[in-house]
Amino acid sequence: MKVLVIGGGGREHAIVDALARSAQVEKIWCAPGNAGIAAQAECVAIKETEVERLRDFAAANEIDLTVVGPEVALAAGVVDAFKAAGLRIFGPTKAAARIESSKEFAKDLMAKYAIPTAGYRAFTEYAEALDYVASRPLPAVLKYDGLAAGKGVVIAETLEEADAALKDMLLDDKFGEGKVVVEDFLTGPEFSFMCFVSGRKVWPMALAQDHKRAFDGDKGPNTGGMGAYSPLPFVTAEDERYALEKILQPTADAMVAEGCPFEGVLYGGLMKTPQGIKVIEFNARFGDPETEVVLPRLKSDIVDIFCAVADGADTQLEWHDFATLGVVLASKGYPGSYEKGHEIKGLDRVGSAVYHMGTKADGGRILTAGGRVLFVVGKGATLAEARANALKDVVQIGCDNLFYRTDIGHWAFEK
């Protein structure tokens, strides 16, 4: 088979890596790809949102299957365009991807179908939103109602913080024009439950937990994710069954009932609260960095799964029982402003898998080209062994402009 992967980050590198393990795959292209992906796929200089160019490339090269990585491509309608052209593609339509691209759509869907989540209200007016927050107990959870690359969520501990965030989102259009959803604050460990979904068919993946804060001890600003691991010792088999039967399956059924059936990866960002498991957010695609620790544990041929979802067929998933734990190396200054173009050395000394998130090639050199740059994934019989292997390899990488967390997986080790 000839396969095209859309995207150019760590998630897409992990998808390409999984595809490369399949005996069914003859050739992989990745648009736009990155310096690490280039070792396993031919990179094509087409942006994720250039829908017509992607469609035309797939048609001209007789691509058998296209896999969509990032949410921006889904929101741009790439799946709709491919399907209209009779091309097989893995991912939800623009209408189904609203479960991620509109927080209000997702919250309204959950309210209508009694899917457990935090109480909420949506606002377009700054003053009205601030009055509502002022009348409620703090902290307040403020979410920009649109795509913000994982950074459009603020947990405001004080009214001053809430005021600043609401100004960003509603007056200064920091993420674009839009609404804000104000949610009740929930407590408990968060975890990521990704499922392959095709209409009413739902196949659960191995669970993962991502670490959003920039620094050790869950300090600092929210990021797109600084590390992840799988499996999760604090989530019981009963918890997992509840999440599947009361959250993910009913959500897939609800999307069918709403006339926008979901095909692709439905990502449940869940929280194990004292009152039970609740939805924090839904995404319409593989999580990043969770994909990089989940797909290495997949024993089944991923091509069979992608095709089954795209074709509405049946399939089965098998998993390895080893643990994976990954550490992100990010540019100093991230998630704020940061420099690019710093040389990365020592990658040849690393024994663990390394997924490139934001790199570019410059002749024989590899340079930093993003906020999150590399993701080192250790494996082990236990999470402790996986973490030790990841951290042992992280120090082999030489670059004067990268930082990382040393406590990824702390929820698993402390509980």
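# Notebook: helices, strands and rings

**Entry 1, a threonine.** I began with threonine 291, which sits in helix α10 (residues 290-294). The model I am reading is a predicted one. Is threonine 291 buried or exposed? I find a relative accessible area of 0%, so threonine 291 is buried. Next I looked up what threonine 291 touches, leaving out residues up to four places away in sequence. The list reads Arg11, Ala14, Ile15, Met194, Phe286 and Pro296. I also checked alanine 228, which is 63 residues from threonine 291 in sequence. In space the two are 9.0 Å apart, C-alpha to C-alpha.

**Entry 2, two helices.** Ile15, one of the residues touched by threonine 291, led me to helix α1. I note that two packed helices are described by the angle between their axes and the distance between the axes. For helix α1 (residues 10-20) and helix α11 (residues 302-311), the angle is about 110° and the axes are 8 Å apart. Angles of 65 to 115 degrees count as roughly perpendicular, so α1 is roughly perpendicular to α11. Which residues make the contact? From α1 I wrote down Ile15, Ala18 and Leu19. From α11 I wrote down Ile302, Val303 and Phe306. I sorted the residues of this contact by type: 6 are nonpolar, none is polar and none is charged.

**Entry 3, rings.** Phe306 of that contact turned up again in an aromatic cluster. Its members are Phe90, Phe196, Phe286 and Phe306. Phe286 I already had on the contact list of threonine 291. How many aromatic pairs are there? I get a count of 11 aromatic pairs, taking ring centres within 6.5 Å.

I picked out phenylalanine 234 and tryptophan 411. Their ring centres are 6.0 Å apart. Their planes stand at 45°, so I log the pair as tilted. Phenylalanine 234 is in the loop between β15 (227-230) and α9 (237-257), while tryptophan 411 is in helix α13 (residues 410-414). The pair therefore ties together parts that are 177 residues apart in sequence. I looked up accessibility for both. Phenylalanine 234 has a relative accessible area of 11% and is buried. Tryptophan 411 comes to 24% and counts as partly exposed.

**Entry 4, strand β4.** I note that in a regular strand the side chains alternate between the two faces of the sheet. In strand β4 (residues 65-68), Leu65 and Val67 lie on one side and Thr66 and Val68 on the other. These residues are all buried, and both faces of β4 are covered. Which strands pair with β4? Strand β1 (residues 2-7) pairs with β4 in the parallel sense over 4 bridges. There I find isoleucine 6 opposite valine 68. Strand β5 (residues 89-90) also pairs with β4 in the parallel sense, over 2 bridges. Threonine 66 has isoleucine 89 of β5 as its bridge partner.

**Entry 5, an open sheet.** Last, I traced an open sheet of 4 strands. The order is β11-β10-β16-β17, with antiparallel pairing. Which strands stand at the edges? I noted β11 (201-204) and β17 (276-283). Each has a single partner strand, so one side of each is left without a neighbour in the sheet. On average, neighbouring strands here are turned by 35° against each other, direction ignored. Strand β10 (residues 190-198) pairs with β11 over 4 bridges. Phenylalanine 196 has tryptophan 203 in β11 as its bridge partner. I had already met Phe196 in the aromatic cluster.

Notes
Residues are numbered from 1 along each chain as its sequence is written. This is a predicted model: local features need pLDDT of at least 70, side-chain atom pairs count only at pLDDT 80 or more; totals for chains, interfaces and linings use all residues. Side-chain values use heavy atoms; hydrogens and water are left out. Axes are lines fitted to C-alpha atoms, for helices over the stretch in contact, and angles run from 0 to 180 degrees between N-to-C directions. Angles under 35 degrees count as roughly parallel, over 145 as roughly antiparallel, 65 to 115 as roughly perpendicular and the rest as oblique. Contact means heavy atoms within 4.5 Å. Ala, Val, Leu, Ile, Met, Phe, Trp, Tyr, Cys and Pro count as nonpolar, Asp, Glu, Lys and Arg as charged, and the others, Gly among them, as polar. Rings of Phe, Tyr and Trp (its six-membered ring) pair if their centres lie within 6.5 Å; planes under 30 degrees apart count as stacked, over 60 as edge-to-face and the rest as tilted. Buried means under 20% relative accessible area, exposed over 50%, partly exposed in between (1.4 Å probe, protein chains only). Two strands pair if DSSP finds at least two bridges between them.
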